[in-house]
Amino acid sequence: MKKLLLLLALGLTTLSMNAQDLRNANNATIGKIESDGTVRNSSNSTVGKIERDGTIRNSNNASIGKIDSDGTVRNGNNASIGKIDSDGTVRNSNNSTSGKVCSDGTVRNSNNATIGYAKGVPVRYAALFFFFDFFKK
């Protein structure tokens with residue numbers, strides 16, 4: 001029984017360390033976010049990284065923004081460009097709702113239409129990918 005539990009624990013750890021796909025509304029892969037915060041595009045090229053402290057980096061490892069502990073998203077000049085609420089609601093710099101990342105990974109725009117999926121991706125990471133332009137090229 002102990003061996004079985006150990007094998008299950010190792011299997012779950014391995015699964016949680018894999019990159020999680022980001023998909024559009026048609027379920028096509030548009031990117032990935034790895035467990036260390038590395039962000040990849042649909043061609044699997046690294047386009048940035050989200051550090052544990054909230055620093056957002058581009059593919060050249062330059063700091064291009066930050067997400068504060070309260071969910072405030074800042075650009076490279078430290079100006080607030082939006083916020084991600086604890087319930088997954090994403091707001092722009094005018095505090096208007098841009099959309100939401102639901103707990104099941106469904107990503108919706110301000111009209112509640114599904115624009116993508118981010119199952120298994122931390123809500124803040126998914127919101128940064130779908131609603132802010134840090135990783136667009």
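Strands here are DSSP runs of E, at least two residues long and numbered from the N terminus. On that footing, Thr 106 sits in strand β11, which covers residues 106-109. The model is a predicted one, and Thr 106 makes a handy way into it. With a relative accessible area of 9%, Thr 106 falls under the 20% cut-off and so counts as buried. Setting aside neighbours within four places in sequence, its contacts are Lys 100, Val 101, Thr 114, Gly 116 and Tyr 117.

Stepping back from that residue, β11 belongs to a closed barrel of twelve strands, which goes round in the order β1-β2-β3-β4-β5-β6-β7-β8-β9-β10-β11-β12 with antiparallel pairing. Ignoring direction, neighbouring strands of this sheet are turned against each other by 20° on average.

Now for the start of the barrel. Strand β1 (residues 20-24) and strand β2 (residues 29-33) run antiparallel and are held together by four bridges. One residue to look at in β1 is Gln 20, whose bridge partner in β2 is Ile 33. Four residues lie between the two strands of this hairpin, and Asn 27 adopts a positive phi there, near 70°. Ile 33 turns up again on the other side of β2, so to speak: its bridge partner in β3 is Val 39. The pairing of β2 with strand β3 (residues 38-41) is antiparallel as well, with three bridges. The hairpin of β2 and β3 has four residues between its strands, and here Gly 37 takes the positive phi, near 95°.

A little further along, strand β4 (residues 46-50) runs antiparallel to strand β5 (residues 55-58), and three bridges join them. Within this pair, Gly 48 stands opposite Asn 58 of β5.

Then there is the helix. Helix α2, made up of residues 123-131, lies across β1, β2, β3, β4, β5, β6, β7, β8, β9, β10, β11 and β12. Its direction is at about 135° to β10, the strand spanning residues 97-101.

That leaves the aromatic rings. Searching the whole structure turns up three aromatic pairs. In one of them, Phe 129 and Phe 130 have ring centres 5.5 Å apart and planes at 70°, which is over the 60 degrees needed, so the pair is edge-to-face. Phe 129 and Phe 130 are both buried. Elsewhere in the chain, ring pairs tie Phe 132, Phe 134 and Phe 135 into a cluster.

Definitions and conventions. Residues numbered from 1 in each chain as written. Predicted model: local features only at pLDDT ≥ 70, side-chain atom pairs only at ≥ 80, totals over all residues. Heavy atoms only, no water. Pairing = 2+ DSSP bridges. Buried < 20%, exposed > 50% of the residue type's maximum accessible area, 1.4 Å probe, protein only. Contact = heavy atoms within 4.5 Å. Phe/Tyr/Trp six-rings, centres within 6.5 Å; stacked < 30°, edge-to-face > 60°. Axes fitted to C-alpha atoms, helices over the stretch in contact; angles between N-to-C directions.
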